[in-house]
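The following exercises concern strand environment and aromatic pairing in a predicted model. Each task is followed by a stepwise solution.

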Amino acid sequence: MYHIAIVEDEAEFSAQLQEYLKQYQKEQDVPLKISVFSDGAEILADYQPLYDIILLDIEMPQVNGMDAAEQIRQMDTDVVLMFITNMATYAIRGYEVGALDFVMKPINYYTFSMKFTRAVKRARQREQQQILLSLSDGVKKFGIQQIYYVEVQNRMLHYHTDEGEYIVRGTMASVEQMLAPYPFVKCNHWYIVNLMHVSEVCKNTAIVGGHELEISRRNRTAFLKALTEYVGGMP
């Protein structure tokens, strides 16, 4: 199921978007959960990264869609943003906040459904590149690219990420299995490293997201081979 947020201050357009989403859900057999907000200020209040796609009107009285998008991006790098507007001049600023697309008013269902299909595909791709950690006070969703490396200490896993360090119970074997589809490789007995963030290897040390991690003699050959293959396979 995809969680969709509509942020639109005009009741007529909000209702139209809700109807279009319900029609799309029936036609495409894609389950949707819809949340509705009447202003950017509403969705920003106690914002949580729960949404897969946000449809944002631009012209709103309290917090407009562009300003809301900039604040959302600071808290949620993965959500797919689509703007609803009657002014194409916002396009450049929209792409600066990572907007996928624009839907122009008045809204046509055929055009909307084509653009929304693109948004669903993007959300599906991002969903496949995410993991969910069960923390003591709740759950936390991370994009794979957010994780620098994972450290194991006394059956506790320390996830070092761009948002800080998060600790969960587990073993190196369990995290290796979970991260197997992604470009992670062990550099020693205690660390499994995201190759996306390896900026330098010097002798027996890897620089990962600005952190210096030791490469053990046992893992050095496999680590360098995996790094070479990863870099060579990048577009």
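**Exercise 1.** Determine which strands S3 is joined to by bridges, and in which direction they run.

*Solution.* Strand S1 (residues 2-7) is joined to S3 by 4 bridges, and the two run parallel. Within this pairing, Val 7 stands opposite Leu 56 of S3. A further 5 bridges connect S3 with strand S4 (residues 80-85), again in parallel. Here Ile 53 has Val 80 of S4 as its bridge partner. The chain passes from S3 to S4 by way of helix H3 (residues 65-75), a β-α-β crossover that is right-handed.

**Exercise 2.** Establish whether the residues of S3 are buried or exposed on each side.

*Solution.* In a regular strand, side chains alternate between the two faces of the sheet. Ile 53, Leu 55 and Asp 57 point one way, Ile 54 and Leu 56 the other, and all are buried. Since 5 of the 5 residues of S3 (residues 53-57) are buried, the strand is largely enclosed by the rest of the structure.

**Exercise 3.** Classify the ring pairs Tyr 47 with Tyr 51 and Tyr 149 with Tyr 191.

*Solution.* The centres of the Tyr 47 and Tyr 51 rings are 5.9 Å apart and their planes meet at 45°, so this pair is tilted. Tyr 47 is buried at 7% relative accessible area, and Tyr 51 is buried at 10%. For Tyr 149 and Tyr 191, a centre-to-centre distance of 5.5 Å and an angle of 75° give an edge-to-face pair. Tyr 149 belongs to strand S8 (residues 147-153) and Tyr 191 to strand S12 (residues 191-194), so the pair ties together parts 42 residues apart in sequence. Both Tyr 149 and Tyr 191 are buried.

Methods. Residues numbered from 1 in each chain as written. Predicted model: local features only at pLDDT ≥ 70, side-chain atom pairs only at ≥ 80, totals over all residues. Heavy atoms only, no water. Buried < 20%, exposed > 50% of the residue type's maximum accessible area, 1.4 Å probe, protein only. Pairing = 2+ DSSP bridges. Right-handed = clockwise from strand over helix to strand, strands pointing away. Phe/Tyr/Trp six-rings, centres within 6.5 Å; stacked < 30°, edge-to-face > 60°.
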